[in-house]
Amino acid sequence: MPFSRLTTPLAGLAVAAVLSVGPVPGAQAAPPVEGDCAKQQAQVDRAAAKLERLQDVFTKAKREVRKTKKAAAQAETEEEQAEVEEDLDDAKQDRTKAKKAKKAQVQRLAKAEQRLAKCEESAEPTEPTEPTEPTEPTEPTEPTEPTGP
């Protein structure tokens, strides 16, 4: 049963990855923005925290692919080689899924930041601009009348 010998640690790593997705120290929410933009700020904060968690998942999936590749190089029999290759395919699929999820989350975060910026722009009071009056009248330096022969 060499297959169970390899899959049990892999399952343990997967469970550990899920359980380790606790509070991220760098993803602490900023104080809510006053006014109408609080909802957008909360969305940005949640999206950033989710992106950090997905980055961790992606990193662990890459590590798992490397580990499985090393195990494939050390497999001695054809049966072990076949089992490790199967595990490697699974690890690569997990890595691909994590990469796609991370890419999608990056796009969601960008959209949330755009909405927040738009909200903050519209929330800023626009100061009326006063027409500028010249302090001194400008005089032409050259005559505008044509000089005729």
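These legends go with an overall view and three close-ups of a predicted model.

**Figure 1. The whole protein is built from helices, with 3 of them and 0 strands.** Reading from the N terminus, the order of elements is simply α-α-α. The chain has 149 residues, and 20% of them count as buried. As for the outside, the accessible surface adds up to about 12,000 Å², with carbon and sulfur atoms accounting for 54% of that area. Contacts are worth a look too: take those between residues at least 6 apart in sequence, and 78% of them link residues at least 24 apart.

**Figure 2. Five acidic residues make up a negative surface patch.** The members are Glu85, Glu86, Asp89, Asp90 and Asp94. Negative here refers to Asp and Glu, the residue types counted that way.

**Figure 3. Here's a closer look at glutamate 86, one of the residues in that negative patch.** Glutamate 86 sits in helix α3, which spans residues 78-123. Its relative accessibility is 45%, so glutamate 86 is classed as partly exposed. That label covers the range between the buried cut-off of under 20% and the exposed cut-off of over 50%.

**Figure 4. Glutamine 105 is a buried residue of helix α3.** With a relative accessible area of just 5%, glutamine 105 falls in the buried class, because that class takes in anything under 20%. Who are its neighbours? Leaving aside residues up to four places away in sequence, glutamine 105 touches Ala47, Lys50, Leu51 and Leu54.

Terms used. Residues numbered from 1 in each chain as written. Predicted model: local features only at pLDDT ≥ 70, side-chain atom pairs only at ≥ 80, totals over all residues. Heavy atoms only, no water. Patch = residues over 30% accessible without salt bridge, like charges linked within 9 Å, V, L, I, M, F, W, Y side chains within 5 Å. Areas by Shrake-Rupley, 256 points an atom, 1.4 Å probe, with all protein chains shown as cover. Salt bridge = Lys/Arg side-chain N within 4 Å of Asp/Glu carboxyl O. Charge placed at Lys NZ, Arg CZ, Asp CG, Glu CD. Helix = DSSP H or I, 4+ residues; strand = E, 2+ residues; numbered from the N terminus. Buried < 20%, exposed > 50% of the residue type's maximum accessible area, 1.4 Å probe, protein only. Contact = heavy atoms within 4.5 Å.
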